[in-house]
There are 2 protein chains.
Amino acid sequence: MSTPALEIQPRRLRADAARNRAKVLDAARAAFAEHGTDAQMEEIARRAGVGVGTVYRHFPTKQALAEALVEERFKRTIAYTTELLEEPDPWLAIVKSFEFCATTQEQNRAWAGVLAGIAGGSGAMQPAEHQLGQLLANTERMLDRARAAGAIRPDLKPADMPPLYCGLAAVVQAGVADWRRYLELLLAGLRAPA
Amino acid sequence: MSTPALEIQPRRLRADAARNRAKVLDAARAAFAEHGTDAQMEEIARRAGVGVGTVYRHFPTKQALAEALVEERFKRTIAYTTELLEEPDPWLAIVKSFEFCATTQEQNRAWAGVLAGIAGGSGAMQPAEHQLGQLLANTERMLDRARAAGAIRPDLKPADMPPLYCGLAAVVQAGVADWRRYLELLLAGLRAPA
DNA sequence: TACAATCCGGAAGCGATCTTCCGCTTCGTC
DNA sequence: GACGAAGCGGAAGATCGCTTCCGGATTGTA
């Protein structure tokens, strides 16, 4: 986020263009947070204080704009799950990963759709292949650590996880205020049997 | 489904009209099952073998048509949960209620949206108030029975349930083929601690 | 300052859907 | 079988939201 992207941006943006691009991304983030995929291009432009034409100058389609935001979220998610591998308590790492998922959904109402695509195997807004692979690898390591510590039921597989995240995101998306209670029940099912 | 609806239909429908109404409902059921809320009126008309005008003669808006289907599902759900109160094994009753939820979602891709509305308190396609009350009452009795039998964790409240159904429906909607595995993990969290 | 490349704004174009409208058809009855 | 009421079909209307287009403004450089 600090230096790269030179392969994608062959030439330097003019100062005003760079400024506007950032404003568009901010506005889009807010609009998607509020309305999910139904956010409208014109509203995004208005929030950014630019014309729709400017939005389209930076992102060729609405889909591309949405994907840029998803990729952003995905990077943060991968970064966070990587951090979690350092968490001393492997069970707590799992708990935190679910909480992160829920708050991400709160910040971007399109997130549940992305997770649904991952869990279900299809989905209109898939992240890049290698990113997805990295996230799944982190998940696997997280489970391995917890299993080794005897914190989770031994038969819990990596493939079990995406649906669990997907369900949680859906509950948050539905507007369940007390999603932590839902999470508590969910986690109880993952614990190692006493 | 066999005799009622006389309060809603003040005058008797002409034979062909009644036939078409049924065809429209069948077609709509199929279309909504496949495409959820995105099902198109013209496709419904085509499937029913009638013109769009005929669809609108029977249901003033797409929303009304969708609501008719939801109400239908809701009646079946209430009927089924009422049956379940007779189930000798209270734990099995709970399991079956979740399975019923999942298969309902498989048969109508708009179901998850309805449950989301119930769980979250808002939602565009709410069922009638008294129907909802009846369903929640059944849920409560179901839990009471299971709690009395020591089959579930004692702190499980009726209000915990809608999000659980909502999450399951979302997972099924996402296209997770092995939703039974998800359900298994979920149920493990509801069991009474050993 | 002058010039050219770059960028901006927002009106207009366009496709997709829901909904209306009305002349024609079918049904039920006398 | 004749008549009026009820129902039907599907083209046209209305709307909505994404996308394009281009004259004019801005930026960076000579």
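Biologist: In this predicted model, what do the buried residues of α4(B) pack against?

Modeller: The buried residues of α4(B) pack against four partners in chain B, namely α1 (15-35), α5 (90-107), α6 (111-120) and α7 (129-148).

Biologist: Which residues of α4(B) are called buried, and what makes them so?

Modeller: A residue is called buried if 20 or more other C-beta atoms lie within 10 Å of its own. In α4(B) the residues that meet this definition are L65(B), A66(B), L69(B), V70(B), F74(B), T77(B), T81(B) and L84(B).

Biologist: How do you know that the length of helix α4 of chain B agrees with its number of residues?

Modeller: Helix α4 of chain B covers residues 62-84, and its 23 residues, at 1.5 Å a residue, should span 33 Å. The expected span takes one less than the number of residues, and since the end C-alpha atoms of the helix are 33 Å apart, the value agrees with the expectation.

Biologist: Turning to chain A, which elements does it have, and how much of it is buried?

Modeller: Chain A has nine helices and zero strands, so that from the N terminus on its elements run α-α-α-α-α-α-α-α-α. By the cut-off of 20 or more C-beta atoms within 10 Å, buried residues make up 37% of the 194 residues in chain A. The C-alpha trace of chain A spans about 60 × 35 × 30 Å along its principal axes.

Biologist: What share of the contacts in chain A with a separation of 6 or more comes from residues 24 or more positions apart?

Modeller: Such residues account for 64% of those contacts, where a contact requires C-beta atoms within 7 Å.

Biologist: Which residues come nearest to DNA strand D, and what makes a residue count as near?

Modeller: A residue is near the strand if its C-beta atom lies within 6 Å of it. Of the 22 residues around DNA strand D, A15(A), N20(B), V50(B), G51(B) and G53(B) come nearest. The element that gives the most to this surface is α3(B), with four residues, and by class the surface divides into eight nonpolar, seven polar and seven charged residues.

Biologist: How many residues of chain B are in contact with chain A, and which element gives the most?

Modeller: With C-beta atoms within 7 Å as the test, 25 residues of chain B are in contact with 26 residues of chain A. On the side of chain B that touches chain A, α8(B) gives the most, with eight residues, and that side has 17 nonpolar, six polar and two charged residues.

Definitions and conventions. Residues are numbered from 1 along each chain as its sequence is written. Chains are lettered from A and ligands numbered from 1 in the order in which they are written. This is a predicted model: local features need pLDDT of at least 70, side-chain atom pairs count only at pLDDT 80 or more; totals for chains, interfaces and linings use all residues. Helices (H or I, at least four residues) and strands (E, at least two) are DSSP runs, numbered from the N terminus. A residue is buried if 20 or more other C-beta atoms lie within 10 Å of its own, exposed if 12 or fewer, and partly exposed in between; C-beta atoms are placed from the backbone. Two residues are in contact if their C-beta atoms, placed from the backbone, lie within 7 Å. Ala, Val, Leu, Ile, Met, Phe, Trp, Tyr, Cys and Pro count as nonpolar, Asp, Glu, Lys and Arg as charged, and the others, Gly among them, as polar.
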